[in-house]
Amino acid sequence: MSTMENEKAQPTRTPQPVTNQHLPPLRPRALPLMPSLDMGDEMPPTKPKKKKSKRESNEVEDGDEPAVERMAPEPQDIPPQKKKKKKKKKTQTLDLEREGDHTQLDMANGGTAVEQSVDGEDEAPKARKKKKPKIGDRLHSSELDSEDEDVITNAAAAIPQHSLFSAPLGQSQPISKVFVERNRRFQATDRTDLGKPSIQTDDYLEITSVWSTRDVALKVHSGFRVMGLFAQGFLAGYAVWNTIVVYVLAGERLSSLTNLLQQYHTLAYPAQSLLYLLLALSTVSAFDRVNLAKVSVAMKCFLTLEPAALASILYFAALILSLSQQMTSDRINLYNSGNGTLWPTGSEQRFLQNWIVVNLVVAVLVGLAWAFLSTRPELDYTEEFLRTMDVDEVPHKEKKLEIPA
Amino acid sequence: MKAALKLLHGPKAGILILLLWLISGCRCFRIPSDVLACGFSAEMLQTNNYSLVLLIQLVLLAYDLFVNSFSELLRAAPVIQLVLFIIQDIAILFNVIIILLMMFNTYVFQVGLVSLLLERFRALLLLSALYLSLSISFHCWIMNLRWLDSNRFVWTDGLQVLFVFQRLSAVLYYYFYKRTAEYLGDPRLYEDSTWLRDAFARARQ
């Protein structure tokens, strides 16, 4: 703001030699600027030279003209401010200092252009002012050498207001501090510390990029396989237990079927329901191992009599047999319902013999299927098929590398 | 206006809302740019959405298996079985809709290779239609027989055959549905690849 006001205060028609000492004082900025604006190591050597030029110019200026006097206080203010800047140099970013130098240079260039239209009345100050540029030129030359790209050669052009905030045309110089985005905020960190967070972000990216939809599918499949394995083992044991209980209750050569009906009629329907649940899970698991949907693979397994293929056939047969006994199970369930037509006398043998034999066959089938699957528990053609889904793995990795760039 | 308000009451409202939610949830496979700008990778979001949809499908399948297994035990009152059967049929329908939406969300479908998808998942679509028709017919028949007295012996040979076919098709439906849902996790279906371009070239020929 002080620079803006000082620019407005400068006369446009009356030329006045403008040197660094006439430039408006720079005040430290509160907000950090773009890193590319920083000058880095170039700043320290220029500053002491500027101070010398300003001190020398101050010696020449003392008590000569009001125009000069008006500007005089400002250069007197400049050295202490610059001293303060030097002290603050360690804490503030180098952006402020560079931008201050740019404004000074812009002002100096504009001033030197104005010098050409000086009137006769100002010959004395001109002479003095000429001295100033002479003194300052030596200093300016060294300064301008490093910042030739920032020199404004167009005399008619006013100093643009937006140049204070626009990016310089010069090459960006590396600085010690870098602004890194963390948690949606920019934090200044040293370049030396960049290695650590970058590694963490890379690890985070690697961790998040591991789980793809294919991995989820594989995980679900493996989880179901474990559940199927448990169901198959439990089914085999439960079917054997059920058969033993039925034969024990039915007596020797099925002589006490009435006893069986009286003891077992409450368990018949729940046992049938549980049998269906376990058979469904076991059959689906067996189909998964064989990859039944892929006919070529399934046919190959069936023809080569692979254990998984045999087990799937046995489970499917057991399922059909079990479902065929649904009617009889409901009949047993309704034994004590008070309906005499369901169980006429002498009909127990007719209804129950087939039911007991089928239950025995189901137990044998599921037991054999479980034994076949146990010989090769790691065999799973569907999992192999799911793993081969991601064929183009290398382009995926390339795309992942491109995204953060 | 009154008709629209009427739709917001009763079980139809729940079905409509659930259907809209499912559709919006399945559309989340397409990740919008503003979501990506929040720092989430496209792959991460797609995986999360896929996991959620897969979970919903598995829950519906589990419910279907539960009703098929234990509905015969829960017949203290006929209305209990009726409600269970209605929800089961709606769950089968929702499952079919979800799998179709998953197919529509694939890049393969959007490119125009509908025939490729239909050829791959033809077995599931046919089986789903068969299972749904068998389920509805069995449920209608058995509810009709048990409505006046749920503790009565209603089994006939025809009902027994229908029961066996319905339960067998259920097992096949579970297997093919689970497999299809896992197969739709193939990353190749959601992005451009040489495999897709070859398939497109073959389809054009």
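**Figure 1. B:Leu74 sits in a loop of chain B, in this predicted model.** The loop that holds B:Leu74 runs between helix H4 (42–70) and helix H5 of chain B. Is B:Leu74 buried or exposed, or something in between? With a relative accessibility of 35%, B:Leu74 counts as partly exposed, because that label covers values between the 20% limit for buried and the 50% limit for exposed. B:Leu74 also belongs to a nonpolar surface patch, which is the subject of the next view.

**Figure 2. A nonpolar patch on the surface of chain B.** This patch covers about 830 Å². Look for B:Phe66, B:Leu73, B:Leu74, B:Val79, B:Ile80, B:Val83, B:Ile87, B:Trp147 and B:Leu148, which make it up. Which helix gives the most to the patch? The answer is H5 (residues 78–104) of chain B, with four residues.

**Figure 3. B:Ser71, a buried residue in the loop between H4 and H5 of chain B.** Like B:Leu74, B:Ser71 is found in the loop between H4 and H5 of chain B. B:Ser71 has a relative accessible area of 1%, so it counts as buried. Follow its side chain and you will arrive at the backbone oxygen of B:Val67, at 2.9 Å. Leaving out residues up to four places away in sequence, B:Ser71 touches B:Phe66, B:Gln81, B:Phe85 and B:Arg167. One of these, B:Phe66, is also a member of the nonpolar patch.

**Figure 4. Chain B as a whole, built from helices.** Stepping back for a moment, how many helices and strands does chain B have? There are ten helices and zero strands, so reading along the sequence gives the pattern α-α-α-α-α-α-α-α-α-α, where a helix is a DSSP run of at least four residues. Chain B has 205 residues, and 46% of them count as buried. Its accessible surface comes to about 10,300 Å², with 70% belonging to carbon and sulfur atoms. Among contacts in chain B with a separation of 6 or more, 75% link residues 24 or more positions apart.

**Figure 5. Where chain B meets chain A.** Here 46 residues of chain B are in contact with 50 residues of chain A. The size of an interface is often given as the accessible area lost when the parts come together. Between chain B and chain A, the buried area is about 4,200 Å², and carbon and sulfur atoms give 68% of it. On the chain B side, B:Phe153, B:Tyr175 and B:Glu182 lose the most area to chain A, together 16% of what that side buries.

**Figure 6. Salt bridges and polar contacts between the two chains.** How many salt bridges are counted between chain B and chain A? The count is three. A salt bridge to look for joins B:Lys178 and A:Asp288, whose closest N and O atoms are 2.5 Å apart. The two chains also share 16 residue pairs in polar contact, with both residues at pLDDT 80 or more. H4 and helix H9 (157–183) of chain B each supply at least two residues of the side that touches chain A. H9 of chain B gives the largest share of that side, 16 residues.

**Figure 7. Helix H12 of chain A, largely enclosed.** Why is H12 (residues 326–333) of chain A described as largely enclosed by the rest of the structure? It is because seven of its eight residues are buried. These are A:Gln326, A:Met327, A:Thr328, A:Ser329, A:Asp330, A:Arg331 and A:Ile332. Their cover includes helix H9 (257–290), helix H11 (307–324) and H13 of chain A, together with helix H8 (122–146) and H9 of chain B.

**Figure 8. A:Trp355 and A:Ile356, two buried residues of helix H13 in chain A.** A:Trp355 lies in H13 and counts as buried at 2% relative accessibility. Not counting residues up to four places away in sequence, A:Trp355 touches A:Val246, A:Tyr264, A:Gln325, A:Thr328, A:Ser329 and A:Ile332. A:Trp355 and A:Ser324 are 31 residues apart in sequence, and their C-alpha atoms are 9.4 Å apart. A:Ile356 is in H13 too, within residues 348–375, and is buried with a relative accessible area of 2%. Leaving aside neighbours within four places in sequence, A:Ile356 is in contact with A:Val246, A:Tyr247, A:Ala250, A:Leu254, A:Leu257 and A:Leu260.

Terms used: Residues numbered from 1 in each chain as written. Chains lettered and ligands numbered in written order. Heavy atoms only, no water. Patch = residues over 30% accessible without salt bridge, like charges linked within 9 Å, V, L, I, M, F, W, Y side chains within 5 Å. Areas by Shrake-Rupley, 256 points an atom, 1.4 Å probe, with all protein chains shown as cover. Salt bridge = Lys/Arg side-chain N within 4 Å of Asp/Glu carboxyl O. Buried < 20%, exposed > 50% of the residue type's maximum accessible area, 1.4 Å probe, protein only. Contact = heavy atoms within 4.5 Å. Buried area = accessible area lost by both parts, 1.4 Å probe. Polar contact = N/O pair within 3.5 Å; in protein donor to acceptor, adjacent residues only side chain to side chain.
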